[in-house]
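Okay, thanks for having me, everyone. I'll put the chain up on the screen and then walk you through a few spots that caught my eye.

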Amino acid sequence: MSARLISLLVLPLLWGAAQAHDPIFAVGPHVIYRGGVQTAFGWRGDEGGGKLAADLTYGLTGDLALNLELPADGAGPVEAAGKYRFWRRDALRLQESTALAVRLIDDRGANRRDAVVGLTYGYESRTWYRWAALRYRRNAGARDDVLLMDLVLGRRTWPGGYRDPDWVWMVEWNGVRRLGGTTDGYLSPGLFWTLRNFAVKLGVQLPVAGNVDGPRGRTTLEWHW
């Protein structure tokens, strides 16, 4: 079999793995490959201002990734997270997976530590993406604990090759159910643009339910090594 024919057969499979995505505001099951490193620099903002943060993700195994997020100004919370993908199904240009996600949030300025744990599911094909996540957040102090609920639909506009820019448009529903009885909801359109190992995430959360503040924005730059 010629080298050219082998490349034509293998590159689409590599493309499918390289172009795996996670949502912008929700949590997806995607993990980086063993020994892989992802660095990111992001901005989150609302009507009251914004903050910059940098984070580092490392693939401990092919199904277990660890993450550390640090505030750029040193004043915000430090977040440590882990994601374990315990189920995965691969088909031709299609992948489904489910992962356990854990996050610890150390807000030294407010002298409190919170924890988040839950499950996330993802369906990724050449054209369509679907995600769902359900997580429980244990808040320290007098604040109510909450359930975080996410449903996401994504579509790739122009399926191309590995070296082509990749455009995936997303719309998320992000819900926050306080155990005290109130629920907040956001409708969140966004874009995930990828060029080989570099990606840009852009999104805005629009409040549609509950007593919540105005829109929230997010921009993230990612590099995979």
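I'll start with the overall layout, then go through the hairpins, two individual residues and the aromatic rings.

First thing to say: this is a predicted model. The chain has one helix and 12 strands. If you read along the sequence, the helix comes up front and the strands follow, so to write it out, the pattern is α-β-β-β-β-β-β-β-β-β-β-β-β. There are 225 residues, and buried ones make up 39% of them. For the surface people, the accessible area comes to about 12300 Å², and carbon and sulfur atoms hold 62% of that. On contacts, take those with a separation of 6 or more: 45% are between residues 24 or more positions apart.

Okay, let's zoom in on β5. That's residues 94–107, and the strand is mostly covered, with 10 of its 14 residues buried. What does β5 pair with? On one hand there's β4, residues 78–91, running antiparallel to β5 and joined to it by 13 bridges. One place to look is aspartate 90, which stands opposite glutamine 95 in β5. On the other hand there's β6, residues 112–125, also antiparallel to β5, this time over 14 bridges. If you want a pair to click on there, leucine 104 has alanine 115 in β6 as its bridge partner.

Now the turns. β4 and β5 make a hairpin with two residues between them. Arginine 93 sits in that loop, and the backbone there has a positive phi of about 55°, although the residue is not a glycine. Arginine 93 is partly exposed, at 47% relative accessible area. The hairpin of β5 and β6 has four residues between the strands, and there asparagine 111 takes a positive phi near 55°. And if you're checking backbone angles anyway, put arginine 196 on your list: this one is in the loop between β10 and β11, has a positive phi of about 55° and is again not a glycine. Its relative accessible area is 36%, so arginine 196 counts as partly exposed.

Next up, one residue inside β5. Is glutamate 96 buried or exposed? Glutamate 96 comes out at 13% relative accessible area, and the cut-off for buried is under 20%, so this residue is buried. What does the side chain of glutamate 96 make polar contacts with? One partner is the side chain of arginine 89, at 2.8 Å. Another is the side chain of tyrosine 121, at 2.4 Å. Leaving out neighbours within four places in sequence, glutamate 96 is in contact with Trp87, Arg88, Arg89, Tyr121, Gly122 and Tyr123. And while Tyr123 is on the screen, look at its ring: arginine 130 lies over the face, 3.9 Å from the ring centre.

Let's jump to the other residue I picked, leucine 206, over in β11, which spans residues 198–209. Leucine 206 is partly exposed, with a relative accessible area of 34%. Not counting residues up to four places away, leucine 206 touches Gly185, Tyr186, Leu187, Pro189 and Pro215. There's also a C-alpha separation of 6.9 Å between leucine 206 and arginine 216, which are 10 residues apart along the chain.

Last topic, rings. How many aromatic pairs are there? The count is seven. One of them is tryptophan 167 with tryptophan 193, an edge-to-face pair at 6.2 Å centre to centre, with 75° between the planes. That pair links distant parts of the chain, with tryptophan 167 in β9 and tryptophan 193 in β10, 26 residues apart. Tryptophan 167 is partly exposed, at 30%.

Then there's phenylalanine 198 with tryptophan 223, which is tilted: 5.4 Å between centres and 50° between planes. Phenylalanine 198 is in β11 and tryptophan 223 in β12, so this pair ties together parts that are 25 residues apart in sequence. Both rings belong to partly exposed residues, with 22% for phenylalanine 198 and 30% for tryptophan 223. Which residues do the ring pairs link into a cluster? Those are Trp158, Trp167, Trp169, Trp193, Phe198 and Trp223.

That's my tour, so over to you for questions.

Conventions:
Residues numbered from 1 in each chain as written. Predicted model: local features only at pLDDT ≥ 70, side-chain atom pairs only at ≥ 80, totals over all residues. Heavy atoms only, no water. Buried < 20%, exposed > 50% of the residue type's maximum accessible area, 1.4 Å probe, protein only. Polar contact = N/O pair within 3.5 Å; in protein donor to acceptor, adjacent residues only side chain to side chain. Contact = heavy atoms within 4.5 Å. Pairing = 2+ DSSP bridges. Areas by Shrake-Rupley, 256 points an atom, 1.4 Å probe, with all protein chains shown as cover. Phe/Tyr/Trp six-rings, centres within 6.5 Å; stacked < 30°, edge-to-face > 60°. Lys NZ or Arg CZ within 6 Å of the ring centre and 35° of its normal.
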